[in-house]
Amino acid sequence: LPVLIVATSVVGAYAVFFGIDIFAQTDFAQVTLAIVTSGSFSPPAAGAKWPYMLGGFALLAIIGIAHQFHQVRRNGGKHRGIQQRNEGFRSIPKNHNYSTVPY
């Protein structure tokens, strides 16, 4: 479960900042791809905006990890999926007529 939490937080944060990079044109996607594939890191040029994007990505990933661990700890160490979340609600009968409006 910890690997799943970290992975979903990192991928989600990357997806958010990748989307921002598409509109802001900060070279964030190219730089992160170069870091991952080559393993090398070159200092940013003056006026480059991608270091701020990289910092925001790391911050959002850390916030996501902390939030997910908090949720798991709050639920007694169990991950609550959609089935467990909706157990407290009444179920709609199978023969329910959806065409009628209750008001």
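Reader: Which helices do the buried residues of helix 2 pack against?
Author: Happy to start there, keeping in mind that this is a predicted model. F28, A29, V31 and T32 are the buried residues in helix 2. Their packing partners are helix 1 and helix 3.

Reader: Why do these buried residues sit on the same side of helix 2?
Author: Take F28, A29, V31 and T32, which are buried in helix 2. They share a side of helix 2 because the arc they cover around the axis is only 165°. On the other side of helix 2, the exposed residues are L33 and T37. So the value behind the shared side is that arc of only 165°.

Reader: Which helix gives the most to the largest nonpolar core?
Author: That core has eight residues: A13, F17, F28, V31, W50, M53, F57 and A61. Helix 1 (2-24), helix 2 (28-38) and helix 3 (50-74) each supply at least two of them. The helix that gives the most, with four residues, is helix 3.

Reader: Nice. At roughly what angle do the axes of helix 1 and helix 3 cross?
Author: The contact includes A13 and F17 of helix 1 and M53, F57 and A61 of helix 3. By class, it has 16 nonpolar, five polar and one charged residues. The crossing is right-handed. The two axes come within 8 Å, and their crossing angle is roughly 145°.

Reader: Which residues does W50 touch, leaving out those up to four places away in sequence?
Author: W50 is one of the residues of the largest nonpolar core, as are F28 and V31. With that sequence limit, the residues W50 touches are T26, D27, F28, V31, F41, S42 and P44.

Key. Residues numbered from 1 in each chain as written. Predicted model: local features only at pLDDT ≥ 70, side-chain atom pairs only at ≥ 80, totals over all residues. Heavy atoms only, no water. Core = buried A, V, L, I, M, F, W, Y, C linked by side-chain atoms within 4.5 Å. Buried < 20%, exposed > 50% of the residue type's maximum accessible area, 1.4 Å probe, protein only. Helix = DSSP H or I, 4+ residues; strand = E, 2+ residues; numbered from the N terminus. Contact = heavy atoms within 4.5 Å. Axes fitted to C-alpha atoms, helices over the stretch in contact; angles between N-to-C directions. Left-handed = near helix turned anticlockwise from the far one by under 90°. Nonpolar A, V, L, I, M, F, W, Y, C, P; charged D, E, K, R; others polar. Arc of directions from axis to C-beta.
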